[in-house]
Amino acid sequence: MKFIDFRFRPCVKAVIDSIVNNPAFSGFVAATGFGSGPAPTLADEVAMFHSLGGEKFVMNGRDCETVSRAASSNPGVLEAMKAFPEEIIGFYGFDPYKGMPGISAFKKAVLEDGFAGASIDADICRLPLDDARFYPLYTVCCELDVPIIMTTGPAPMPGVPMKNTSPVLVDHVASDFPELRIVMSHAAWNYPQEALATVFRNENVYMDISDVTMNMWMDFYVPVINNRLADKVFFGSAHPFTPLSEALEVTAGIGLNPDVLEKVMYSNAKNFLNV
């Protein structure tokens with residue numbers, strides 16, 4: 001089955017460094033030995049992606065450098081977009097502490113560099129999603145008519161509270177900005193009922209089910225997706241945290257109806273991204 005991956009970061013050296021050097025991922029790195037082996041090239045990763053049936057993938061930047069040691073990954077995303085423009089859809093990582101200069105950089109990224117939208121990591125930035133420092137970004141996204149990916153459902157991370165990415169906060173933002181198209185990445189798995197309710201009740205809110213291998217409540221999600229949210233959910237692998245091949249295998253077996261599975265794997269993202 002062909003697919004579009006809504007959360008895929010090629011496991012190249014720049015991506016590895018952005019994970020290894022970020023204190024939020026220290027537990028993951030220590031437990032898995034991530035980054036200890038040789039890094040594949042971008043061409044290798046794209047070839048692997050195609051070999052499994054992939055057509056396009058979203059590569060979202062991460063910029064939390066004000067509060068972490070890791071540099072922004074936006075330059076690496078732009079480089080990858082230029083190398084494989086048919087496959088890679090870049091979303092610009094936004095650091096809310098950078099103020100209006102950060103807003104200006106985001107506008108340039110969309111209008112001149114071809115980024116498709118914004119990506120924020122409120123958990124690592126230690127700010128709630130409805131903090132006023134994010135609101136200029138939400139306003140500009142509406143003005144430019146581009147979507148935003150909100151990383152929700154954080155994995156185990158030392159010193160990173162999950163309350164800052166609660167779906168209740170997404171619901172607040174969605175009601176304040178009804179024109180803003182929002183994707184809750186990782187499906188806010190820490191709050192399953194609130195996550196599903198937020199997508200159901202807000203026309204402008206969607207979710208990707210990336211890192212499905214970590215979601216211990218997929219049995220709760222699947223019936224609601226099949227019966228209520230078939231048009232508002234995207235496949236995402238969370239590669240390289242979850243290898244793409246593993247994510248594909250798990251997603252195929254979670255119990256989505258065949259017609260819904262096709263939408264989740266391909267059609268929903270194709271329509272949302274207008275590709």
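D63, E65 and K98 are tied together in a network of salt bridges. That's a handy place to start with this chain, which is a predicted model, and there's more charge pairing to go through.

**Salt bridges**

Opposite charges on side chains can pair up when the charged atoms get close to each other. Here the tally is seven salt bridges. Three of the pairs are set out below, each with its N to O distance.

| Pair | N to O distance |
|---|---|
| K108 and D113 | 3.4 Å |
| R133 and D131 | 3.0 Å |
| K263 and D231 | 2.8 Å |

Take K263 and D231, whose side chains meet in a salt bridge at 2.8 Å. This pair links distant parts of the chain, with the two positions 32 residues apart: K263 sits in helix α12 (residues 258-273), while D231 belongs to the loop between α10 and β8 (233-234). As for solvent, K263 has 27% relative accessibility and counts as partly exposed. D231 is partly exposed too, with a relative accessible area of 47%.

What about the pair made by R133 and D131? R133 is partly exposed at 41% relative accessibility. D131 has a relative accessible area of 15%, and because the cut-off for buried is under 20%, D131 goes down as buried. So this bridge joins a partly exposed arginine to a buried aspartate.

The K108 and D113 bridge has partly exposed residues at either end: K108 has a relative accessible area of 40%, and D113 comes in at 26%.

**Two helices side by side**

A pair of packed helices is described by the angle between the axes and the distance between them. How do α8 and α9 sit relative to each other, roughly parallel or roughly antiparallel? Helix α8 covers residues 167-176 and helix α9 covers residues 192-201; their axes come within 8 Å and cross at roughly 15 degrees. Angles under 35 degrees count as roughly parallel, so α8 and α9 are roughly parallel to each other. As for handedness, the crossing of α8 and α9 is left-handed.

**A nonpolar patch**

Charge isn't the whole story on the outside. Which residues form a nonpolar patch on the surface? They are M216, W217 and F220, and together they have about 320 Å² of accessible area. F220 lies in helix α10, which spans residues 218-227. Patch members need over 30% relative accessible area, and F220 clears that because its relative accessible area is 38%, which makes it partly exposed.

Note on methods: Residues are numbered from 1 along each chain as its sequence is written. This is a predicted model: local features need pLDDT of at least 70, side-chain atom pairs count only at pLDDT 80 or more; totals for chains, interfaces and linings use all residues. Side-chain values use heavy atoms; hydrogens and water are left out. Patches are made of residues with over 30% relative accessible area and no salt bridge: like charges are joined within 9 Å, nonpolar side chains (Val, Leu, Ile, Met, Phe, Trp, Tyr) within 5 Å. Accessible areas come from the Shrake-Rupley method with a 1.4 Å probe; for residues, only the protein chains shown count as cover. A salt bridge is a side-chain nitrogen of Lys or Arg within 4 Å of a carboxyl oxygen of Asp or Glu. Helices (H or I, at least four residues) and strands (E, at least two) are DSSP runs, numbered from the N terminus. Buried means under 20% relative accessible area, exposed over 50%, partly exposed in between (1.4 Å probe, protein chains only). Axes are lines fitted to C-alpha atoms, for helices over the stretch in contact, and angles run from 0 to 180 degrees between N-to-C directions. Angles under 35 degrees count as roughly parallel, over 145 as roughly antiparallel, 65 to 115 as roughly perpendicular and the rest as oblique. A crossing is left-handed if the near helix is turned anticlockwise from the far one by less than a right angle, and right-handed if clockwise.
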